Amino acid sequence: MSGTRLERVRAAASIASLALQQIEDNLSADDIDQEELAAILRELLEDTDPSGGFLAAVAQLLTAAARRAVDGEGDVGFDVLVPCPHDGECDGYAWVPAYSVTCLFRALNGDLDDDEDIVCTVHGPNNGDDHDDDPDGRADLEEQVLEAIRG
């Protein structure tokens with residue numbers, strides 16, 4: 001990536017940050033009434049311009065960036081850090097794949113905190129195994145093999 005492109009992105013992100021701060025200031029003003037707040041929110045959500053409104057434009061930007069970051073169809077653009085699904089006091093890191101801007105939103109709201117695709121660096125995958133008995137996820141492996149053979 002050229003330094004010039006990176007500088008342009010940084011400058012645009014700074015401008016966007018200032019604009020978002022101004023929007024936040026207006027939304028949290030002490031003198032705003034419900035009617036005015038509703039009008040501002042409609043402005044952010046509705047199709048008021050050809051690209052589909054402000055929030056739609058942000059969603060499109062993040063989705064396009066995520067798609068560009070993947071190697072092929074079905075790949076993940078990035079992972080999101082979430083709480084360990086096995087132990088609330090775990091000191092490890094737990095990650096869940098993010099496929100779109102919707103995944104980012106769901107992670108932000110905590111909707112992915114028990115997703116089956118989470119992998120903890122301490123406890124491993126969130127596949128429902130009892131990790132308390134065996135930290136490697138292989139508890140009773142010999143018994144499981146014999147049971148599978150017997151049918």
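This is a guided tour of a predicted model, going from one selection to the next.

Before selecting anything, note that residues are numbered from 1 along each chain as its sequence is written. Because the model is predicted, local features need pLDDT of at least 70 and side-chain atom pairs count only at pLDDT 80 or more, while totals for chains, interfaces and linings use all residues, and side-chain values use heavy atoms, with hydrogens and water left out.

Start with the whole protein chain in cartoon view, where there are five helices and four strands (DSSP runs numbered from the N terminus, H or I of at least four residues for helices and E of at least two for strands). Followed along the sequence, their pattern is α-α-α-β-β-α-β-β-α. Of the 151 residues, 17% count as buried, where buried means under 20% relative accessible area, exposed over 50%, and partly exposed in between, with a 1.4 Å probe and protein chains only; the areas come from the Shrake-Rupley method.

Next, select Asp30, which sits in the loop between helix 1 (3–27) and helix 2 (34–45) and, at 82% relative accessibility, counts as exposed. Add Asp31, Asp33, Glu35 and Glu36 to the selection, and together with Asp30 you have a negative surface patch. Patches are made of residues with over 30% relative accessible area and no salt bridge, like charges being joined within 9 Å and nonpolar side chains (Val, Leu, Ile, Met, Phe, Trp, Tyr) within 5 Å; a salt bridge is a side-chain nitrogen of Lys or Arg within 4 Å of a carboxyl oxygen of Asp or Glu.

Now turn to Leu20, Phe54, Leu55, Val58, Leu61 and Leu62, which make a nonpolar surface patch of about 490 Å². Its largest share, five residues, comes from helix 3 (residues 54–69). Within that helix, Phe54 is partly exposed at 33% relative accessibility, and Val58 is likewise partly exposed, with a relative accessible area of 32%. From Phe54, draw a distance to Leu44: the two are 10 residues apart in sequence and 5.3 Å apart in space, C-alpha to C-alpha.

Move on to helix 4 (residues 101–108), and show the side chains of its buried residues, Val101, Cys103 and Ala107. Looking down the helix axis, you will find these buried residues within an arc of 155 degrees, so they line one face of the helix; the arc is that of the directions from the helix axis to the C-beta atoms. After helix 4 comes Gly110, which has a positive phi, near 85 degrees.

Finish at Ile118, in the loop between helix 4 and strand 3 (119–120), which counts as buried at 0% relative accessibility. The C-alpha atoms of Ile118 and Asp79 are separated by 9.5 Å, with their positions 39 residues apart along the chain.

Terms used
Accessible areas come from the Shrake-Rupley method with a 1.4 Å probe; for residues, only the protein chains shown count as cover. Lys and Arg count as positive and Asp and Glu as negative; His and the chain ends are not counted. The place of a charge is taken as NZ of Lys, CZ of Arg, CG of Asp or CD of Glu.
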